[in-house]
Amino acid sequence: MNLLDYRSIVFDCDGVILNSNRVKTDAFYNAALPYGEAAATAMVDYHVRNGGISRYRKFEHFLQNIVPVDMPGPGLQDLLEAYAEKVKVGLLACEIAEGLEAFRHHTSGARWLVASGGDQAELRELFEARGLLDWFDGGIFGSPDAKEEIVKRELENGNIRKPALFIGDSRYDHQVAHKNGLDFVFVTRWSEFERWEDYFAPYDITIKTAIKDLFI
């Protein structure tokens with residue numbers, strides 16, 4: 001894999017750019033806790049198994065499939081607001097991937113984009129606050145649009161130009177990349193994807209510990 005061949009590089013955010021997976025896992029648990037510890041634990045299990053999928057879809061699943069029928073508690077909007085409140089502080093403080101700035105310089109000829117399961121408006125505000133916004137000249141995209149919708153749309157409108165690379169840390173990231181004909185790099189350091197070794201065994205992809213290992 002020659003990084004200089006890529007015209008576009010698409011990044012997931014949580015677990016790739018930011019060490020934020022734990023922040024969001026804890027936020028899902030605490031937002032769901034009014035329904036009890038068992039429900040909150042089930043919410044976390046579902047979240048971890050479905051890394052990269054938006055909070056909207058996860059909380060909809062929680063209310064429709066995990067919460068006991070007719071059990072009183074917060075609705076979808078209340079859950080989303082509680083989650084967002086808990087996440088905001090953690091995202092402003094969590095670690096940024098080592099070597100990200102050097103990687104931007106190394107791939108200066110490529111357009112950079114974010115395709116995340118996180119809320120799009122929150123992501124753009126966060127990236128500006130943390131001084132990362134200008135590096136992503138192709139834009140920062142997130143929910144409520146699903147990741148597969150974002151990548152498909154940005155390919156169709158020419159914002160993602162092939163050959164293109166997707167850097168992610170989940171099964172879903174790989175599925176989106178594979179479906180849309182993007183090369184894929186899986187980064188392991190902050191991933192919550194259990195048994196990823198088994199999943200990726202049949203695939204010819206690049207696996208790295210972190211972003212900095214791509215160009216060292």
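**Exercise 1. Work out how much space the largest pocket holds and what surrounds it.**

Start with the volume: in this predicted model, the largest pocket holds about 540 Å³ of space. Next, look at the wall: 32 residues line the pocket, and those nearest its centre are His 47, Val 48, Asn 50, Gly 51 and Gly 52. Then sort the lining by element. Two or more residues each come from helix 1 (21-32), helix 2, helix 3, strand 2 (111-119) and helix 8 (171-179). Helix 2 gives the most, with five residues. Finally, check the chemistry: the lining splits into seven nonpolar, 12 polar and 13 charged residues.

**Exercise 2. Find how helix 2 and helix 3 are set against each other.**

First, get the geometry. Helix 2 covers residues 37-49 and helix 3 covers residues 55-66; they pack at an angle of about 130°, and their axes are 10 Å apart. Now name the arrangement: angles over 145 degrees count as roughly antiparallel and 65 to 115 as roughly perpendicular, with the rest above 35 oblique. The two helices are therefore oblique to each other. As for handedness, helix 2 passes helix 3 in a right-handed crossing.

**Exercise 3. Which residues make the contact between helix 2 and helix 3, and of what kind are they?**

Go one helix at a time. From helix 2, pick out Ala 39, Ala 42, Met 43, Tyr 46 and His 47. From helix 3, take Lys 58, Phe 59, His 61, Phe 62 and Ile 66. Sort them by type and you get seven nonpolar, two polar and one charged. One residue to spot twice is His 47: it's part of this helix contact, and it's also listed among the residues nearest the centre of the largest pocket.

Definitions and conventions:
Residues numbered from 1 in each chain as written. Predicted model: local features only at pLDDT ≥ 70, side-chain atom pairs only at ≥ 80, totals over all residues. Heavy atoms only, no water. Axes fitted to C-alpha atoms, helices over the stretch in contact; angles between N-to-C directions. Helix = DSSP H or I, 4+ residues; strand = E, 2+ residues; numbered from the N terminus. Left-handed = near helix turned anticlockwise from the far one by under 90°. Contact = heavy atoms within 4.5 Å. Nonpolar A, V, L, I, M, F, W, Y, C, P; charged D, E, K, R; others polar. 1 Å grid on protein atoms, 1.4 Å probe; cavity = no way out; pocket = protein on both sides within 12 Å on 5 of 7 lines; lining within 4 Å. Points joined across faces, edges and corners; volume = space filled by probe spheres on them.
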